[in-house]
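This briefing sets out the strand architecture, the buried interior and the model confidence of one protein. Please consult the sequence and the structure alongside the text.

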Amino acid sequence: MAITGLPQPPQIHRLPQFRYVDSVRWLPSLSPFQKSLIFAFYDADTSTPSLEVHSLSSSKTLALLSSWTPPSRISSLKSTSSIIAASTFSGSLYIFPTADKSHESLAMEPQVSVVGVDFHLGSIGGVDLMEGGSECVSVGEDGRINLVRVFVEGSYGKGNFRRVFDGNGLVSYTAVKWASPTEFVTGGYGFGLQWWDLRRPGAAVAQFQGNWDHRTTSGIIHSIDIHPSRKHTCLAGGSSGTVFAWDLRWQQEPIILSGVRTNELMTHSLSGSDIWEVQYDSYMKSSGNNISSSRILPAMTCSEDGILAVIEQGEEPNELLAEPCAINCFDIDRQNPLDVICSLEWESVAIVSRP
């Protein structure tokens with residue numbers, strides 16, 4: 001007799017690439033039968049980086065639409081419904097349109113380029129784009145935070161930027177995320193988070209030092225996310241399998257979701273290695289009967305030990321994918337949150353289609 005009512009496992013499609021996949025993001029698509037993706041590749045044999053747009057058919061095959069060769073390897077890649085931002089390990093930033101017309105030819109060129117030692121010295125740790133906004137924020141290992149004008153009076157700018165903060169090498173930033181058109185959060189070493197408000201320039205308006213657990217203060221924040229309807233709560237993932245939320249209303253106490261021992265109580269965790277990316281999962285609905293503003297919404301994570309999972313406050317993690325290699329990044333399709341794409345360390349990507 002068949003057993004009914006059991007949760008169905010997701011469908012997994014693995015696509016070998018034969019190059020290292022540094023990052024991958026979904027792009028907007030007009031057709032549900034053919035989607036678009038942007039990849040940051042690195043060919044170790046020739047030491048050649050590339051940025052490529054591919055179409056993904058309903059049969060889960062990729063076809064190259066356009067490509068561009070950056071001057072150095074891509075360090076961070078973000079996209080919105082209208083623009084793409086790609087930063088490099090050499091400290092440059094490039095902005096591309098995501099309009100369909102940019103995908104029709106086999107050549108793509110950045111509309112905005114920012115280069116030079118006045119911008120960043122060394123690798124850019126993270127970039128972020130505000131949906132519908134006109135500025136891109138970048139943070140680097142040099143401790144600099146910059147704002148780049150993407151649009152000026154409805155058209156692309158010329159790479160103008162302004163410095164928000166310069167740590168002069170005394171601090172180092174690895175991640176950044178917009179919270180509103182005037183606010184963003186940065187993260188770096190020591191599990192520290194900083195909340196910035198452009199209306200109050202000069203310094204961060206709030207800081208979280210991450211000193212709740214003395215064993216992990218030397219860790220690193222690798223990824224940050226902020227839910228569009230709850231900008232007061234920041235989600236962060238980093239070293240030692242740590243995933244936590246920082247609520248501005250209770251700034252001194254983190255809300256631990258995974259990987260850290262607090263008050264002799266171990267939280268549910270699937271990973272003990274670095275969490276490379278975190279994103280709120282719009283597909284999953286919270287299991288709590290009474291959804292309050294203090295409850296952290298479900299989030300997806302990927303890790304160095306090859307785990308892609310959905311975690312929820314106080315619940316057992318839901319493992320979606322387990323690989324024998326690191327899962328370096330993932331992206332949830334905003335148009336269809338059932339689909340998730342991951343970059344695997346063993347030169348391939350995996351597409352996870354949830355039922």
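The confidence score used here, pLDDT, is the predictor's own confidence in each residue, on a scale from 0 to 100. The model is predicted, and its pLDDT averages 86 over the protein, with 86% of the residues scoring at least 70. The points below begin with the segments of low confidence and then turn to the sheets, a hairpin, one buried threonine and the nonpolar cores.

**Confidence**

- Residues 1-6 have a pLDDT below 50, and this stretch makes 0 contacts in the model beyond near neighbours in sequence.
- Residues 262-266 also stay under 50 in pLDDT, and for them the model has 5 contacts beyond four places in sequence.

**Sheet β10-β11-β12-β15**

- Four strands form an open sheet in the order β10-β11-β12-β15, and their pairing is antiparallel.
- The edges are occupied by β10 (124-129) and β15 (161-166); each has a single partner strand, so one side of each is left without a neighbour in the sheet.
- Neighbouring strands in this sheet are turned against each other by 20° on average, direction ignored.
- Within the sheet, β12 (residues 144-149) pairs with β15 over 5 bridges in the antiparallel sense, and Ile-145 stands opposite Phe-165 of β15.

**Sheet β20-β21-β22-β23**

- Another open sheet of 4 strands follows the order β20-β21-β22-β23, with antiparallel pairing.
- Its edge strands, β20 (221-226) and β23 (255-258), each pair on one side only.
- From one strand to the next, the twist averages 25°.
- Strands β21 (residues 233-238) and β22 (residues 243-247) run antiparallel and are joined by 5 bridges; Gly-237 stands opposite Val-243 in β22.

**Hairpin β6-β7**

- Strands β6 and β7 form a hairpin, with 3 residues between them.
- The antiparallel pairing of β6 with β7 (residues 83-88) comprises 5 bridges, and Ile-74 is placed opposite Thr-88 in β7.
- In β6 (residues 74-79), 5 of the 6 residues are buried, so this strand is largely enclosed by the rest of the structure.

**Thr-186 and its surroundings**

- Thr-186 lies in strand β17 (residues 183-188) and is buried, its relative accessible area being 0%.
- The side chain of Thr-186 makes a polar contact of 2.6 Å with the side chain of Gln-194 and one of 2.9 Å with that of Trp-196.
- Leaving aside residues up to four places away in sequence, Thr-186 touches residues including Val-139, Tyr-173, Ala-175, Leu-193 and Ile-224.
- Ile-145 is also among the residues touched by Thr-186; this is the isoleucine that stands opposite Phe-165 in β15.

**Nonpolar cores**

- In soluble globular proteins, nonpolar side chains tend to be buried together.
- The largest nonpolar core has 16 residues, of which Leu-193, Ile-221, Phe-244 and Trp-246 touch the most other members.
- Two or more residues of this core come from each of β16 (173-180), β18 (193-197), β19 (206-208), β20, β21 and β22.
- The largest share, 3 residues, is supplied by β20, which is an edge strand of its sheet.
- A second core, separate from the largest, contains 15 residues, among them Met-300, Val-310, Cys-325 and Cys-342.
- Leu-193, one of the residues with the most partners in the largest core, is in contact with Thr-186 as well.

Methods. Residues are numbered from 1 along each chain as its sequence is written. This is a predicted model: local features need pLDDT of at least 70, side-chain atom pairs count only at pLDDT 80 or more; totals for chains, interfaces and linings use all residues. Side-chain values use heavy atoms; hydrogens and water are left out. Two strands pair if DSSP finds at least two bridges between them. Axes are lines fitted to C-alpha atoms, for helices over the stretch in contact, and angles run from 0 to 180 degrees between N-to-C directions. Contact means heavy atoms within 4.5 Å. Buried means under 20% relative accessible area, exposed over 50%, partly exposed in between (1.4 Å probe, protein chains only). A polar contact is a pair of N or O atoms within 3.5 Å; within protein, one must be able to donate a hydrogen and the other to accept it, and residues adjacent in sequence count only if both atoms are side-chain atoms. A nonpolar core is a set of buried Ala, Val, Leu, Ile, Met, Phe, Trp, Tyr and Cys residues joined through side-chain atoms within 4.5 Å.
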